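Q: Please take a close look at the nonpolar core of this chain. Describe what builds it and how it sits in the fold.

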Amino acid sequence: MMKIQYPYTFSGFLLLGFSNRPQLETPLFVLILIVYFLSFLGNGTIILLSWMDPRLHTPMYFFLSNLSFMDLCLTTCTVPQTLANLQGRVKTITYGGCCVLLAVMAYDRYAAVCRPLHYLAIVHPQLCLWLVLTAWFTGFGNSVLQTALTMILPLCGRNQLDHFFCEVPVMLKLSCADTSFNQAELFTVSVFFLVVPLSLILLSYGHITRAVLKIKSAQGRQKAFGTCGSHLMVVVIFFGTLISMYLQPPSSYSQDVNKSIALFYTLVTPLLNPLIYTLRNKEVKGALRRLSCCGQGH
């Protein structure tokens, strides 16, 4: 691995990224910037439409706008740091900045639990609010716990993170103490936040598939399978990348593969969410037309 020399003492962390392959940094910078812009535009549009159009004041779009907001928080906390490191000579992050990133990444794990809620079509508004508040507060507690357990580990002078941003599995490798408890806690939390929701979603899709097969119209079955298939693709991508990152044996993948997986779930999934779940819907297309007509009318 390429060692980066720094002319001064730094009390934070050095993010190596792909510094051992400098020819990739400029293409990656351009690609990540484009994906981030599209993701910001798509998720921002969903939030704006869900807030402004009364016809979208339904439980489904309430949950989807919360998902879009969490996706925006995740990408906005990780992407600017990644872009700065790809183009900057000094690839550093402060100790406090690393704490914030760890908290955001840990919180994002809890977003998985909210995903089964997206399939609820008729729920009392007060129940919707309580479900979302439960997600936010439980996610906050999880992020505080993950960050605290990680940042109290002794590093013994080690401060080179072979990654684009602070991730718990990468931080654990820096510690010079026994991390068995941290690894066990991370595994338990990952199973609860990833494997359990994924199992429930796949079970629900099993019931959906049986219902779709009962549709007599071939065109109706094709349309239903097309919609469910695109939704399931996003679910599999999201959970698959996270499970491979957090539940894999410590040395099953190379670190370059781990970094690529992390970039994928922090960039691609937030971009796919608005495209798959909402922007193709007739209701959202109608809301976009009404919003544009109002803007032109004024």
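A: Helices are DSSP runs of H or I with at least four residues, and strands are runs of E with at least two. On that basis this predicted model has 9 helices and 3 strands. Read from the N terminus, the elements follow the order β-α-α-β-α-α-β-α-α-α-α-α.

The largest nonpolar core holds 44 residues, and I32, F164, F239 and Y265 touch the most other members. Helices that each supply at least two residues of this core include α1 (25-52), α2 (59-87) and α5 (168-174). Further along the chain, α6 (180-213), α7 (218-246), α8 (255-278) and α9 (282-297) each do so as well.

F164 can be followed further. Leaving aside neighbours within four places in sequence, F164 is in contact with L15, G17, F18 and L28, among others. The list also includes Q81, T82, N85 and L86, along with K259 and L263. Another core, of 10 residues, lies apart from the largest one; L15, M151, L161 and L174 are among its members.

For the chain as a whole, buried residues make up 47% of the 298 residues. Of the contacts between residues at least 6 apart in sequence, 77% join residues at least 24 apart. The exposed area is about 15200 Å², with carbon and sulfur atoms supplying 70% of it.

Disulfides number 0. C73 forms no such bond because its sulfur is 6.4 Å from the closest cysteine sulfur, in C77, which is too far. C73 is partly exposed, at 30% relative accessibility, and C77 is also partly exposed, at 31%.

How values were computed:
Residues numbered from 1 in each chain as written. Predicted model: local features only at pLDDT ≥ 70, side-chain atom pairs only at ≥ 80, totals over all residues. Heavy atoms only, no water. Core = buried A, V, L, I, M, F, W, Y, C linked by side-chain atoms within 4.5 Å. Buried < 20%, exposed > 50% of the residue type's maximum accessible area, 1.4 Å probe, protein only. Contact = heavy atoms within 4.5 Å. Areas by Shrake-Rupley, 256 points an atom, 1.4 Å probe, with all protein chains shown as cover. Disulfide = S-S within 2.5 Å.
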